[in-house]
Every structure is written in structure tokens, then in C-alpha cells.
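Ready for some practice in reading a protein structure? Have a look at the picture first, then try each exercise before you peek at the solution.

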Amino acid sequence: MENNKSEEPDFSTANFLLAAHELRHLPEDSGAEVAFVGRSNAGKSSALNRITGKKGLARTSKSPGRTREIVFFTLDAEKRLVDLPGYGYAKTPKSLQQHWGHTLPEYLATRRSLRALIIVADARHGLKDSDRDILAWSSNVVPIRHLLLTKADKLSRSKAARSLEVVDAELQRDFAGASAQLFSATANTGVQLARNTVWRWLTED
Ligand code: GDP
């Protein structure tokens, strides 16, 4: 892969590639991809739209549980962003929960082009057990795990900082190597940092 670490992040080429319900329908496992995952309604679509600067890229919705497929966006032939199904939504049918309950860990464990996993969690709620499951499934198999604690605009500055501290402490204790940052799609908090880090993961050798 060409060495373009010094390039400015450019997500303007992000485009829908395909949506897959089964792992055998995934695009070829080459180049680099960064995947986004999170509880339904945590703000994953808003984060993807904000980071890419493309408002309609991932559909945002007030009805949680709607994302039921692995959605791929290409930046170019070598770089992809991946929108993984939201989890933890009570009304999701059991059969679908079971399907993703084994499909997601398998994707995380087998996808060679997966450079980093971004876990989106509501800063007001911190880590939930379903986020901990994802952290456990991805440990030792995904090189980089990074949490976006989003909707930070809904907390005071000190409460947001406290939320980050609590999550950081748990990550250090139980999920070594995982990192976290505050984020807000509406107030633009942490957007540049997230954009730079995602770009770095997509472009470094
Ligand atoms: P997803 O289900 O995880 O993809 O969540 P969405 O991105 O669809 O967001 C769920 C709801 O939270 C929507 O009503 C969004 O407008 C809202 N939301 C998402 N991110 C933010 C944020 O940073 N700040 C605030 N205040 N609301 C947000």
C-alpha cells in the first residue's frame, strides 16, 4: 500500500458499496477498513455522517433497531468504512439477535482488512454490558479498539470529563489497549480528532 500518512483526511469520496446480511456476501477482504458498532440509538449513524462530512451517508433515525445489515462504504479501492448492526434493542426479534450474536464475533475474528473498531456509546450512560461483549469479542483479534463517547453536548463539561474518566479506568482494568474520547455530532466535539485517527488507521501500513 502506498505510504500516504501525511495526507489530510479526505472522506468526501465516501459512497455506499453494499449491505450484507451474511458474511459470505462481504466485499473482498483486501485493503483496510474501519468498522463502527454500538447500541441502537447511541449515535453511530450521526457519528459516521459527521466524520465523513456526508449528511445522508448512514441513515439516522429515531426508531432504534433499524440497522440490520453490515453496510460498507468505500472511500477508494483500498479504504472502506463499515456500519455494523446496532445491538441491544429490546424489540429486535430473537432470531435476528442470535444471527448477529454469532455473525459479529465471526466478522471481528476473521476479517483481515479490519484495522480498527470504533464503539459508539452514549456519554451519559457509559459502557453497557453489550458494549463489554463487543470489547471482549474484539480483544486479541482487532488491532485497535476506540470508543466514541457521544452526545457529550448533553452533559456539562465536568460531567463529560468524569464520564470519560470512568470509561478510561474500566478500559485500563478490563480491556487493555482500548482507548476512548468524547464526541458530539451536534456540537462538533472531538470530530477532528476522530477524523484524523480513523484516517490514520485506514492509511498506515
Ligand atoms: P444510531 O441508532 O446509533 O445510528 O443513532 P443515530 O445516529 O440515529 O442517533 C440517535 C438519536 O440521537 C437521533 O435522534 C440523533 O439526532 C441523536 N444524536 C446522535 N448524536 C448526537 C449528538 O452528538 N448529540 C445530540 N444531542 N444528539 C445526538
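Below are three exercises with worked solutions, and keep in mind that the model is predicted.

**Exercise 1. Look at strand β4 and work out whether it is buried or exposed, and which strands it pairs with.**

Solution.

Step 1: Start with burial, where the cut-off is under 20% relative accessible area. In β4 (residues 79–83), 5 of the 5 residues are buried, so the strand is largely enclosed by the rest of the structure.

Step 2: Now think about the two sides. In a regular strand the side chains alternate between the two faces of the sheet. For β4, Lys79, Leu81 and Asp83 sit on one side, with Arg80 and Val82 on the other, and both faces are covered.

Step 3: Check the neighbours. β2 runs parallel to β4 and is joined to it by 5 bridges; here Val34 stands opposite Leu81. β3 pairs with β4 in the antiparallel sense, also over 5 bridges, and Thr74 stands opposite Arg80.

Step 4: Follow the chain from β3 to β4. You'll find a hairpin that joins them through 2 residues.

**Exercise 2. Find which residues touch the most other members of the largest nonpolar core, and which elements supply it.**

Solution.

Step 1: Recall the general idea. In soluble globular proteins, nonpolar side chains tend to be buried together.

Step 2: Go to the core itself. It has 34 residues, and Leu84, Leu117, Leu147 and Leu171 touch the most other members.

Step 3: Trace where the core comes from. Elements that each supply at least two residues include β2, β3, β5 and α3. Helix α2 gives the most, with 5 residues.

Step 4: Zoom in on Leu117. Leaving out residues up to four places away in sequence, Leu117 touches, among them, Ala35, Val37, Leu84, Leu108 and Ile134.

Step 5: Don't stop at one core. Apart from the largest there is another, of 27 residues, including Ala47, Leu48, Leu75 and Leu81.

**Exercise 3. Describe what surrounds the ligand and how much of its area the protein buries.**

Solution.

Step 1: List the neighbours. There are 18 residues around the ligand, and Asn41, Lys44, Ser45, Ser46 and Asp153 come nearest. Helix α1 (residues 44–52) gives the largest share of this shell, 3 residues.

Step 2: Pick out the polar contacts. A polar backbone atom of Lys44 is 2.8 Å from an oxygen atom of the ligand. For Lys151, an N or O atom in the side chain is 3.0 Å from a ligand oxygen atom. Ala185 brings a backbone N or O atom 2.8 Å from an oxygen atom of the ligand.

Step 3: Finish with the area. Taken alone, the ligand exposes 580 Å², and the protein buries 83% of that.

Notes:
Residues numbered from 1 in each chain as written. Predicted model: local features only at pLDDT ≥ 70, side-chain atom pairs only at ≥ 80, totals over all residues. Heavy atoms only, no water. Core = buried A, V, L, I, M, F, W, Y, C linked by side-chain atoms within 4.5 Å. Buried < 20%, exposed > 50% of the residue type's maximum accessible area, 1.4 Å probe, protein only. Helix = DSSP H or I, 4+ residues; strand = E, 2+ residues; numbered from the N terminus. Contact = heavy atoms within 4.5 Å. Pairing = 2+ DSSP bridges. Near = heavy atom within 4 Å. Polar contact = N/O pair within 3.5 Å; in protein donor to acceptor, adjacent residues only side chain to side chain. Areas by Shrake-Rupley, 256 points an atom, 1.4 Å probe, with all protein chains shown as cover.
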